[in-house]
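Reader: I would like to go through this structure by question and answer. Please keep to what can be read from the atoms.

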Amino acid sequence: CNFRGEGVWTGCDSWRVHAIAERFGASNATIITKIAVRYGSETLVAKLNASVSMEVDSETGLAPTRYILLLNGTEPVDDSDGGASGNYLTATGFDNVLTIEDVSGNVVKASFLKDLIVLQVAPRDGCFNKTFGLSGNNNGDKSDDLTVESTGEILPEDSSSSDIFEKFVRTQIISEESESLFPAEDFVPVSSDDAFTPIFSDQLDLSLCPAACNSNAACCLDASQGGEDLVEAFAVATKDIEETNLEAVGFFDNLRPAFEEAPGLFVFSGIDSQNITLKFVATDVDGISTLYCNICPDVDTYYADTHEVTCDVSGLGTNASVMAIKAKSLEYGSFSCFCEDSLGANSTSVTMVVEEDKTASAEAWEQDVVVRPVSSPRSVRSSTSRDPPSDTSHRRRTRPENSTTETMSTTMRRKASTSLAVLAAPTPSPFLWCYLLLSAVSFALAT
């Protein structure tokens, strides 16, 4: 990103994200090397450690951790997985991708590459039209993201890179140490009239651009300033944002309904005439229009007759619908249940039916919760990640010694608590784009 010093990346209420950009070698361009996230009185700083080898471990398939963390000025010592946990901020790391989330649901994702950091952010729902900084105001309208705070001037989207830098980017640079989120030794004092002026892509002769850039101006800029290494970094950053965009949910998209309650595992002894009762609860702010399982009488008459299955559904048309399934027996294997909201978004839960085996070890019962989307032209994708699954989507399922039923949540993300507001960069360039437009349906990406 073409600024030097500490820039206000984004913020909302008590949440702040700052980034430090430094010159790349002797070039006239900069890269992000440090980030800081503050929530309330708690601050987490992550610094790129470029001295660490990029070589992948033959046993784990992972490269060494390439960042250093500071939580309130102190390096965490109780987390061997490259993360940290405070009162308000939690950081989890995997394969040099660090995800930082606060108690309100704001999310920051930082990917630590060889020479730079790729930064993506997603504010919580309550930050709609309230964010500030280089990332714009988060209102779904990209035309007013380049608003100069001091004058109220809104720069046109097609403004030259130099105008954007001089009139907008410079206003977001921290000049006073008291406003910095970083330790004193990391603060970069930069005044508003700093002499550093970056090179911009619209100043380049694209005919000299390497073939690997495919005439992409941002990539050409990286190539002109950093050579093959930064062309490679550009490719990695581009792939990263494309993957995030594919999985992201936009401002006005309809989220899937959630199975707030659904048994993930049922242990069946095989004895006939059991009084089996299972409960499923589906919720959605738009109302649940459909709720059923594929073993219900109106779906599979033969199965239902054979096992004396009944499905009693209540609450359709409301924000929470309940289905009570009663049966005398169940076949070993699995059955699925389906719910749909009034706008057509849907979710599916899967319940495993297994045979009771008192001699089985705990490891034999370890399974993954399965949640599969149903193909529908109106359904939407839920956000996922390359990082290890969180506890709500991947849990150890060990049968309790004195229990026949284990109730497990297979819910998708709740509408009431999931962040729809997301940020996006127009072009993922390690140098060029210092402002992010908030109309796209993805996390923000820039470095």
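Author: What follows covers a sheet, a helix, a pocket and two loop residues of this predicted model.

Reader: In what order do the strands of the open five-stranded sheet lie?

Author: The sheet is open, and its pairing is antiparallel. Its five strands have the order β6-β7-β8-β9-β10.

Reader: Which strands stand at the edges of that sheet, and why is one side of each left without a neighbour?

Author: Each edge strand has a single partner strand, so one side of each has no neighbour in the sheet. The strands in question are β6 (84-85) and β10 (117-122).

Reader: How many bridges join β7 to β8?

Author: Strand β7 covers residues 89-94 and strand β8 covers residues 97-102. The two run antiparallel, and Thr-92 stands opposite Thr-99 in β8. The number of bridges joining β7 to β8 is six.

Reader: At what angle does helix α3 run to β10?

Author: Helix α3 takes in residues 228-247. The helix lies across two strands, β9 (107-112) and β10. Its angle to β10 is about 20°.

Reader: Which element gives the most to the lining of the second largest pocket?

Author: That pocket holds about 580 Å³ of space. Of the 25 residues that line the pocket, the closest to its centre are Met-54, Phe-112, Leu-113, Lys-114 and Val-236. Both β9 and α3 supply at least two residues of the lining. With nine residues, the element that gives the most is α3.

Reader: How many residues in the lining of the second largest pocket are charged?

Author: The lining divides into three classes. Twelve of its residues are nonpolar and two are polar. The charged residues number eleven.

Reader: Where is Asn-72 found, and what is its relative accessible area?

Author: Asn-72 is found in the loop between β5 (67-71) and β6. Although Asn-72 is not a glycine, its phi is positive, at about 55°. Partly exposed covers the range between 20% and 50%. Asn-72 is partly exposed, with a relative accessible area of 45%.

Reader: Which loop holds Asp-95, and is the residue buried, exposed or partly exposed?

Author: Asp-95 lies in the loop between β7 and β8. Asp-95 is not a glycine either, yet has a positive phi of about 55°. With a relative accessible area of 42%, Asp-95 is partly exposed.

Terms used:
Residues numbered from 1 in each chain as written. Predicted model: local features only at pLDDT ≥ 70, side-chain atom pairs only at ≥ 80, totals over all residues. Heavy atoms only, no water. Pairing = 2+ DSSP bridges. Helix = DSSP H or I, 4+ residues; strand = E, 2+ residues; numbered from the N terminus. Contact = heavy atoms within 4.5 Å. Axes fitted to C-alpha atoms, helices over the stretch in contact; angles between N-to-C directions. 1 Å grid on protein atoms, 1.4 Å probe; cavity = no way out; pocket = protein on both sides within 12 Å on 5 of 7 lines; lining within 4 Å. Points joined across faces, edges and corners; volume = space filled by probe spheres on them. Nonpolar A, V, L, I, M, F, W, Y, C, P; charged D, E, K, R; others polar. Buried < 20%, exposed > 50% of the residue type's maximum accessible area, 1.4 Å probe, protein only.
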